[in-house]
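Work through the following exercises on charged side chains, trying each task before you read its solution.

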Amino acid sequence: MLQRRFLQVDVFGARPYEGNPVAVVVDGEGLSTEQMQRFAAWTNLSETTFLLPPTDPAADYRVRIFTPGSELPFAGHPTLGSAHAWLASGGNTAADVLVQECGIGLVELRRTGDLWAFAAPDLRRYERPDDATLARATAALGLTPDDVVDASWLDNGSPWLALRLGSAQAVLDVRPEHLGDLHLGVVATPGTDGADVEVRAFAGDVIGEDPVTGSLNAGLARWLTDTGVLTTPYVAAQGTALGRAGRVHVTAADGALWVGGTATTAIAGAVAL
């Protein structure tokens with residue numbers, strides 16, 4: 001085993017330790033998929049990432065993203081956390097634009113003031129669910145189809161099914177039951193504590209509720225602006241039900257929606273892998 005640089009980064013928090021942590025192995029080269037998956041299961045965080053040299057010359061770095069049970073082609077808070085770790089570990093800190101290579105391809109990131117934001121990836125599936133799927137989703141959340149104002153698949157590498165409810169309180173009152181393999185987001189406007197929208201994310205039975213979720217918020221940004229529910233810029237609150245204070249900042253520029261937030265190093269050191 002080698003001593004490899006390691007950071008644990010708190011992402012999207014309104015204050016440190018109030019967002020969503022991601023574990024980042026900076027020196028991921030030479031590890032097998034099995035070793036990465038085993039370590040991700042051990043950290044027991046919603047995601048663990050491994051930084052690698054890019055295979056595309058347009059990218060600054062490559063990242064592989066793992067949940068405790070599987071690899072993801074894309075996820076949002078690991079994207080911001082991995083960019084932060086790459087910069088903190090000797091990457092081009094003067095850059096205001098980065099390009100990440102991951103399972104869905106290249107993802108651009110930009111620095112705006114103190115925040116980094118990623119360009120919301122295109123949605124691979126963007127349609128209303130059929131009635132049977134909606135009934136299964138609402139039952140998993142302890143809701144009925146009549147509780148849902150609108151619903152849409154929002155798959156950008158993470159297969160989210162989003163349900164819009166009537167109020168932030170309705171979102172906070174959700175008590176999930178058996179999720180199975182469903183990845184469900186619930187959202188309502190306005191949000192709590194001055195936010196424009198309230199969000200919760202339930203990533204199946206393996207992970208459960210995710211504190212703050214960049215991929216879901218990226219999909220929601222497209223859906224909520226396309227349907228006229230929100231205009232940019234706006235701020236989403238997430239994690240309220242878990243005692244967190246996640247804040248996701250959504251803006252639009254150059255034909256893209258940008259999903260940004262804070263990233264703070266919580267733990268820095270080495271891991272034996």
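## Exercises on salt bridges

**Exercise 1.** Find the partner of glutamate 71 in a salt bridge, and decide how far each of the two side chains is buried or exposed.

*Solution.* Glutamate 71 pairs with arginine 64, and their closest N and O atoms are 2.9 Å apart; a salt bridge here is a side-chain nitrogen of Lys or Arg within 4 Å of a carboxyl oxygen of Asp or Glu. Next, take the accessibilities, where buried means under 20% relative accessible area, exposed over 50%, and partly exposed in between (1.4 Å probe, protein chains only). Glutamate 71, at 37%, is partly exposed, whereas arginine 64, at 18%, counts as buried.

The model is predicted, so local features need pLDDT of at least 70 and side-chain atom pairs count only at pLDDT 80 or more, while totals for chains, interfaces and linings use all residues. Residues are numbered from 1 along each chain as its sequence is written, and side-chain values use heavy atoms, with hydrogens and water left out.

**Exercise 2.** Which residue does arginine 110 meet in a salt bridge at 2.8 Å, N to O?

*Solution.* The partner is aspartate 254. Arginine 110 is partly exposed at 24% relative accessibility, and aspartate 254 is exposed, with a relative accessible area of 67%. As a last step, look for further links: Glu108 joins Arg110 and Asp254 in a network of salt bridges.

**Exercise 3.** How many salt bridges does the structure hold?

*Solution.* The structure holds 13 salt bridges, among them the one between arginine 5 and aspartate 27, with the closest N and O atoms 2.8 Å apart.
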